[in-house]
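Trainee: Please take me closely through the salt bridges of this model, with attention to how enclosed their partners are, and then go on to the strand pairing.

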Amino acid sequence: MKVAVLGGGAWGGVLAAMASARSHDVALWEADPTAAVALGRDRTSARSVPGFRLPDAVVVSGDAEGAIAGRQMVIVAIPSELVRGTLLGAAPKIDAGTIVVCASKGLEPGGGETMIEVLRAALPPESRAVVLSGPSFAQEVAAGLPAALVAASADVAAAGVVQAALGGERLRIYTSDDAIGVCLGGALKNVVAIAAGCCDGFGLGASARAALITRGLAEMGRLADRKGGQPLTLAGLAGLGDLVLTCTGDLSRNRQVGLALARGESTAEIVANLGHVAEGVETARTARALAERLGVDMPITREVAAVLFDGKPARAALTDLLARDLRPERV
Ligand SMILES: NC(=O)c1ccc[n+]([C@@H]2O[C@H](COP(=O)([O-])OP(=O)(O)OC[C@H]3O[C@@H](n4cnc5c(N)ncnc54)[C@H](O)[C@@H]3O)[C@@H](O)[C@H]2O)c1
């Protein structure tokens with residue numbers, strides 16, 4: 001297939017390399033001119049995962065329209081807040097019937113739209129929108145370690161094309177028809193991971209972390225249900241799978257954000273030092289507003305947003321979480 005990847009950061013680079021390894025003809029668009037030059041010349045950039053080398057066959061371009069024109073599949077791996085604008089700008093060059101795969105994991109700031117909602121709104125009606133999510137550190141996938149993802153779309157045939165085109169011996173891709181549930185799993189787990197990082201940073205122990213993960217999953221499921229997703233999707237790769245990875249794996253930037261909050265660093269300092277996008281930061285604010293608007297109780301998300309954006313001390317947030325009214329366990 002002729003494939004375009006939009007975004008030459010950690011994940012976009014690895015997805016381009018995977019598609020190239022499956023013998024697809026791959027063009028990679030990188031918006032940052034310095035990174036685009038580095039990727040084209042050195043086959044790696046400051047945003048690439050350590051030791052990564054982009055295959056020579058991948059053509060790097062700083063011109064989105066040129067990279068997209070004539071492609072049968074377009075994979076998007078840029079921060080969620082930029083997906084709509086990027087696709088709207090590129091839409092005239094996206095051919096009818098093109099499969100557009102969003103691998104970004106976040107909510108759109110403002111309205112809190114999931115990535116599948118953004119794709120459907122930004123793309124021509126005949127294009128085929130799919131989301132790709134699940135537990136996957138770019139660094140591990142780049143190293144050829146096994147991973148499993150889920151390609152989700154109401155257009156089940158399009159999800160099947162993604163499964164066949166990108167899956168391989170070490171990358172097992174499942175399909176799902178619940179794109180909303182898959183999107184919310186991938187976005188909301190990043191917020192819980194910030195809480196888990198705080199919890200570990202304060203040395204509160206494995207029992208407390210397990211409780212946070214489980215109660216985090218419960219609130220993720222409540223929002224998914226309210227948004228029309230299937231709550232059981234959250235028990236799958238894009239929910240529980242990615243939640244466990246992100247809450248426990250030290251390669252997770254969102255977990256690192258939580259660890260830094262526990263050390264007393266400010267949100268501005270943490271974001272400035274990361275060098276990569278940590279979607280959970282913006283998602284916390286957006287998900288808190290969305291949950292309030294939809295009347296969904298999301299105490300962990302609420303506390304993470306209060307720490308990140310309202311200056312609430314992380315210890316006070318943990319105390320408030322534990323001090324809430326006693327109630328039956330709702331899962
Ligand atoms: N890194 C991972 O392991 C991983 C795994 C799965 C999903 N994801 C998701 O993939 C997405 C990208 O993550 P990443 O790790 O590659 O981030 P990154 O910070 O390494 O790269 C971000 C990319 O977005 C581009 N970008 C930044 N500002 C832009 C702008 N104004 N216009 C267009 N492009 C712009 C950057 O140039 C870069 O190509 C995120 O939503 C993330 O949650 C990441």
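Mentor: A residue counts as buried when its relative accessible area is under 20%, as exposed when that area is over 50%, and as partly exposed in between. Please keep in mind that the model is predicted. With those cut-offs, Arg302 is partly exposed because its relative accessible area is 33%, and Asp297 is likewise partly exposed, with a value of 26%. Arg302 and Asp297 form a salt bridge in which the closest N and O atoms are 3.1 Å apart.

This pair belongs to a longer list, for the count comes to 20 salt bridges. Another of them joins Lys2 to Asp25, with 3.2 Å between the closest N and O atoms. Here the contact links distant parts of the chain, since Lys2 sits in strand β1 (residues 2-6) and Asp25 in strand β2 (residues 25-29), 23 residues apart. Lys2 is partly exposed at 38% relative accessibility, and Asp25 is partly exposed with a relative accessible area of 34%.

What, then, is the burial state of Asp242 and Lys105? Both of these residues are buried, and their side chains meet in a salt bridge with an N to O distance of 2.7 Å. Asp242 belongs to helix α10 (residues 237-248), while Lys105 lies in the loop between β5 (99-102) and α5 (115-122), so this contact ties together parts that are 137 residues apart in sequence. Salt bridges also occur as a network, in which Asp200, Arg209, Asp250 and Arg255 are linked.

The loop that carries Lys105 follows β5, and this strand leads us to the pairing. β5 pairs with β6 in the parallel sense over four bridges, and within that pairing Val101 stands opposite Val130 of β6. Together with α5, the strands β5 and β6 make a right-handed β-α-β unit. On the matter of enclosure, five of the six residues of strand β6 (residues 128-133) are buried, so β6 is largely enclosed by the rest of the structure. β6 has a further partner in strand β7 (residues 147-152), to which three bridges join it, and these two strands run antiparallel. In that pairing, Val131 has Ala152 of β7 as its bridge partner. β6 thus takes part in a parallel pairing with β5 and in an antiparallel one with β7.

Key. Residues are numbered from 1 along each chain as its sequence is written. This is a predicted model: local features need pLDDT of at least 70, side-chain atom pairs count only at pLDDT 80 or more; totals for chains, interfaces and linings use all residues. Side-chain values use heavy atoms; hydrogens and water are left out. A salt bridge is a side-chain nitrogen of Lys or Arg within 4 Å of a carboxyl oxygen of Asp or Glu. Buried means under 20% relative accessible area, exposed over 50%, partly exposed in between (1.4 Å probe, protein chains only). Two strands pair if DSSP finds at least two bridges between them. A crossover is right-handed if, with the strands pointing away from the viewer, the path from the first strand over the helix to the second runs clockwise.
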